Amino acid sequence: MGDFTLVCLIPFLHIAGTMPLRILAAADLHLGRVSSGLPGDALTLSTIAAWDKMVEWAITNQVDAISLSGDVVDKDNGYYESTGPLQRGFTRLGEADIHVFLVAGNHDYRVLPSLIGSQYQHVHLLGRNGTWEVYPFTRKEETVQFLGWSYPSQYVPTSPLPLPGTMALDPNSPVVGLLHGDLENIGSYYCPVGHNELVGVGVGTWILGHIHMPGEWYLPGTSIHYPGSLQAMSAKEPGAHGFLLLTFDKGNKTVQKIPFSTVRYQSLDVDITGAERQENVWELLTKTIADDTRGWLPELDGVTHLSYDLRLIGEHPQEALVLKWAGDSQREMFVPVRPGTNAFVRSVRSDIGPVVNMEELARDPSPAGALASMILAIREKRSSPLLRQLETQWVTQQGLLRTSGVYQPLLETPVDNSPDAIRKNLLRECTRLLNALLSQVEKKN
Ligand SMILES: [Mn+2]
């Protein structure tokens, strides 16, 4: 009889032993904010609605824990309206036996400790007062050690690493490090840390907050992740937004991205060359948007609002008129992308060039000729001595702006200094200058 019981138990033990431990990892909820620049029902586009929906997802999908890497509550909008929803969510998660591990960031360093206090057994605010804290969490025969550090004040100009020598991490079970920090941004007031500081300290997985764009780095023995803001909140946060699902299963770790935001911001170039009437321009806008979305339709699950910032390019003799025609789409155009998802135009700007023979103009030894040859070089992805000089100056000037102490507290989002972004900016400035020059010449004539 004893043997029989044992035999019956073996399959269950086996199942229990292979059940992975699953963690929903999110950051930068900024409860209290609403995705900006969008038409329609603001309530479905709020970060509080995203939090409610995420709690629901965690319960339905039976995760074991949720981690939040700071800026859960928004400093400017969140204190009053988010207290209720946050506590309601914590209570529901507690009833489902889901634990919450979180650290405070620059927005909620003050409000989180008082909001959480000690009333919840299952909610763990780690690293109060700027000290490192570890919490071993065991489920389904798996143990994960949550490590965290919380902002003690609004500005943190120095790195909180290395970990203190007294920090006792068990090398036999994985460590998930939670930190609200500014990766590779020396001089930042928001907890600057380097990749090298996060490697080789016994933490296999870092889940960072603060940067709203998702990002990940796989380094020897360590992976570093920014889940990014749960809900895309402005056009400065383009692309898919959501959370990560971490799975720990007998020494194996997987990290999966789950798109979750109801809003997605995109930017797009539309070539209007040859468009003669408003209908032509609108047809081009609709078609370019539809073509653009085709590549990532599967990522649009749950996205209700697809917001586009359009840049008109190409050549046209009547730039102002075309810009006005396209601009009308901001209020009136909705492009149905798939059931439940509509695209619309949030903004339109113009880099339309004049109708000139660029090749011919580029040979002209005048300022207009120099601009034309630069525009050609950028369009054809070539380089030139003048272009290289301007690219270097662009980076230097941006750097001066960023390191100037006066601007520091304002610069929370990093400037895009990729070669592509620099060239886009230079193309815009060159085209604008050339347009101005050529219109002066026309007036003189
Ligand atoms: Mn932050």
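Here are some exercises with worked solutions on the predicted model shown above.

**Exercise 1: Get an overview**

Find out how many helices and strands the protein chain has, and what share of its residues count as buried.

*Solution.* Start with the secondary structure: you should end up with 12 helices and 18 strands in the protein chain. Next, look at the overall extent. The C-alpha trace spans about 100 × 50 × 45 Å along its principal axes. Now for burial: the chain has 445 residues, and 35% of them count as buried. Last, check the contacts with a separation of 6 or more: 69% of them come from residues 24 or more positions apart.

**Exercise 2: Build a four-strand sheet**

Work out the strand order of the open sheet that contains β15, β16, β17 and β18, and say which strands stand at the edges.

*Solution.* Go pair by pair.

- Step 1: take β15 (residues 263-271) and β16 (residues 305-313). They run parallel and are joined by 9 bridges. One place to look is Asp 269, whose bridge partner in β16 is Arg 311. To get from β15 to β16, the chain passes through helix α6 (residues 278-294), and this β-α-β crossover is right-handed.
- Step 2: go on to β18 (residues 341-350). It pairs with β16 over 8 bridges, again in the parallel sense. Here His 305 has Asn 342 in β18 as its bridge partner.
- Step 3: add β17. This strand runs antiparallel to β18, and 4 bridges join the two. Pro 336 stands opposite Asn 342 in β18.
- Step 4: put it together. The order is β15-β16-β18-β17, and the pairing is mixed. β15 and β17 (334-338) are at the edges with a single partner strand each, so each has one side without a neighbour in the sheet. From one strand to the next, the twist averages 30°.

**Exercise 3: Place two helices**

Describe how α6 and α7 sit on this sheet, and decide how the two helices are oriented to each other.

*Solution.* First, follow α6 over the sheet: it packs there and touches β15, β16, β17 and β18. The direction of α6 makes about 125° with that of β15. Then find helix α7, which lies across β16 and β18 and runs at about 155° to β18.

Now compare the two helices. Their axes are 9 Å apart, and α6 packs against α7 (residues 319-327) at an angle of about 60°. That angle is neither under 35 degrees nor in the 65 to 115 range, so α6 and α7 count as oblique to each other. As for handedness, α6 passes α7 in a right-handed crossing. To see which side chains to click on, pick Gln 278, Val 281 and Leu 285 in α6; they meet Val 322, Trp 325 and Ala 326 in α7.

**Exercise 4: Read a six-strand sheet**

Which strands are at the edges of the open sheet of 6 strands?

*Solution.* Write down the order to begin with: β5-β6-β7-β10-β12-β11, with mixed pairing. The edge strands are β5 (133-139) and β11 (215-219), and each of them pairs on one side only. Ignoring direction, neighbouring strands in this sheet are turned by 20° against each other on average. For a close-up, zoom in on β7 and β10 (residues 205-209): they run parallel, with 5 bridges joining them. There, Gly 177 stands opposite Trp 206 in β10.

**Exercise 5: Check some backbone details**

Are Gln 62 and Cys 191, which have a positive phi, buried or exposed?

*Solution.* Take Gln 62 to start. Its phi is about 55°, which is positive although Gln 62 is not a glycine. You'll find Gln 62 in the loop between α2 (47-60) and β2 (65-69). The cut-off for exposed is 12 or fewer C-beta neighbours; Gln 62 has 10 inside 10 Å, so it counts as exposed.

Now do Cys 191. This residue isn't a glycine either, yet it has a positive phi of about 60°. Cys 191 sits in the loop between β8 (182-183) and β9 (192-193). Buried needs 20 or more other C-beta atoms within 10 Å; Cys 191 has 27, so it is buried.

One more backbone detail to look up is the peptide bond between Leu 161 and Pro 162: it is cis, with omega at about 5°. Pro 162 belongs to the loop between β6 (142-149) and β7 (175-180).

How values were computed:
Residues numbered from 1 in each chain as written. Predicted model: local features only at pLDDT ≥ 70, side-chain atom pairs only at ≥ 80, totals over all residues. Contact = placed C-beta atoms within 7 Å. Pairing = 2+ DSSP bridges. Right-handed = clockwise from strand over helix to strand, strands pointing away. Axes fitted to C-alpha atoms, helices over the stretch in contact; angles between N-to-C directions. Parallel < 35°, antiparallel > 145°, perpendicular 65-115°, else oblique. Left-handed = near helix turned anticlockwise from the far one by under 90°.
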